[in-house]
Every structure is written in C-alpha cells, then in structure tokens.
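This briefing covers the nonpolar cores, one helix, the salt bridges and one buried lysine. Please read it alongside the sequence and the structure.

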Amino acid sequence: QAYNCLIHFYKRLNMIHLKIFHRHGYHATPCNIPDCNESDRIEELKRVFGEALTAVDDASELANYINTRKSHLIVDKCMIVTVSFSTFLVVGGKHGNIIMEGLVQKLDTLKKAAAFALAKMDVDEKKILPKTLWRTVEEMRDFLKRK
C-alpha cells in the first residue's frame, strides 16, 4: 500500500518546474527606430527559451534548439552561458543585449520529486532525513526561493 501511495504522489507532481527572469534589455519608449518590435521579441525569447529549457537536457544543445525552433521575431544568433544552476540566454537586441536567466528543475526521479515536496513544505531535512538527502532538499529549497 505504501508503494501505491508513492506512485500516486509521484504522478500528481508537476514534473518540470521552470523559472525565467528577464535580467537585461528593454524597449525604450518612445522608440526612434522605425518598425521596432523589441517588446514582442523579448516576449518571444522568453517563450522559446522556456520551451528549450524544458525540452533539452544538456546546456550545450540549447543554442541549436533555439536556432532551429525560432520564430520570425528572433533572427539573431544566441549565446548560452551556465553559471551554477542558472542558464543564461544572451541575444543582441536593437536597444542593446537582451539577457534572460532560466532555472529548471526536472523531477524525473522519485528522490527529486520527494525532495521538492519536502522543500515546498519547508521541512527541516537535518532533523528527519538521512544525510545523503540533505543536499537534494537544499537545492530544491534554493530553487523555490529564487526570484
């Protein structure tokens, strides 16, 4: 019966949690550039970047994914940078560079899913969990706190 409860718990979880932050780049108003669609490009970049982060497992494949799936609004080449758990997308814009930060947690194992649930409940992992699980819960808690 405990096994069935775990399976039910695992199926109920959203398996991919994604956060995207627009860190740099803007559309200056009033804009002096004719037919400038920078605001639309920024929104489209957010959409495509989020799609890429959820679809691709390796950061080295992100640029290829974005370049093959891009829309008519994204015509520039992009650069991908990873720092710790963050993945940054850098694209040249009409008003300067556009920088997006993406964080993704794929709950593809029961360990990750349970750690995410415990972090969400704000459980003190050091009191009740084995030492081998502390780091995983701590990583999930950091992900949840990130703004």
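A polar contact is a pair of N or O atoms within 3.5 Å; within protein, one atom must be able to donate a hydrogen and the other to accept it. By that cut-off, the 3.1 Å between the side chain of Lys-19 and the backbone oxygen of Arg-146 is a polar contact. The model is predicted.

**Lys-19**

- Lys-19 is part of strand 1.
- Although Lys-19 is buried, it has no salt bridge.
- The nearest side chain of opposite charge to Lys-19 is that of Glu-101, 10 Å away. A salt bridge requires a side-chain nitrogen within 4 Å of a carboxyl oxygen, so that distance does not qualify.
- Apart from neighbours within four places in sequence, Lys-19 is in contact with Glu-101, Gly-102, Leu-103, Phe-143, Leu-144, Lys-145 and Arg-146.

**Salt bridges**

- The whole structure contains ten salt bridges.
- Side chains of opposite charge can pair when their charged atoms come close.
- Arg-23 and Glu-101 form a salt bridge through their side chains, at 2.7 Å from N to O. This pair links distant parts of the chain, with Arg-23 in strand 1 (residues 16-24) and Glu-101 in strand 4, 78 residues apart.
- Arg-23 is partly exposed, at a relative accessible area of 39%, whereas Glu-101 is buried, at 1%.
- Lys-106 and Asp-57 also meet in a salt bridge, at 2.8 Å from N to O. Because Lys-106 lies in strand 4 and Asp-57 in the loop between helix 2 and helix 3, the pair ties together parts that are 49 residues apart in sequence.
- Lys-106 counts as buried at 17% relative accessibility, while Asp-57 counts as exposed at 71%.
- Arg-23, Glu-101 and Arg-146 are joined into one network by salt bridges that share partners.

**Helix 2**

- Helix 2 has 18 residues and spans 25 Å from its first C-alpha to its last, close to the 26 Å expected at 1.5 Å a residue.
- The buried residues of helix 2 are Glu-38, Arg-41, Ile-42, Glu-44, Leu-45, Val-48, Phe-49, Gly-50, Ala-52 and Leu-53.
- These buried residues pack against strand 1, helix 3, strand 3 and strand 4.
- Within helix 2, which residues are separated by about one helical turn? Lys-46 and Glu-43 are, because they lie three residues apart.
- An α-helix has 3.6 residues a turn, so residues three or four places apart point the same way.
- The side chains of Lys-46 and Glu-43 meet in a salt bridge at 3.7 Å from N to O. Lys-46 is partly exposed, with a relative accessible area of 28%, and Glu-43 is partly exposed at 49%.

**Nonpolar cores**

- The largest nonpolar core has 16 residues, of which Leu-45, Phe-49, Ile-66, Cys-78, Leu-89 and Met-100 touch the most other members.
- Two or more residues of this core come from each of helix 2 (38-55), helix 3 (62-69), strand 3 (86-93) and strand 4 (96-106).
- Helix 2 supplies the largest share of this core, at six residues.
- A second core, separate from the largest one, has 13 residues, including Leu-107, Ala-115, Ala-119 and Val-123.

Conventions. Residues are numbered from 1 along each chain as its sequence is written. This is a predicted model: local features need pLDDT of at least 70, side-chain atom pairs count only at pLDDT 80 or more; totals for chains, interfaces and linings use all residues. Side-chain values use heavy atoms; hydrogens and water are left out. A nonpolar core is a set of buried Ala, Val, Leu, Ile, Met, Phe, Trp, Tyr and Cys residues joined through side-chain atoms within 4.5 Å. Buried means under 20% relative accessible area, exposed over 50%, partly exposed in between (1.4 Å probe, protein chains only). Helices (H or I, at least four residues) and strands (E, at least two) are DSSP runs, numbered from the N terminus. The expected span of a helix is 1.5 Å times one less than its number of residues. Contact means heavy atoms within 4.5 Å. Lys and Arg count as positive and Asp and Glu as negative; His and the chain ends are not counted.
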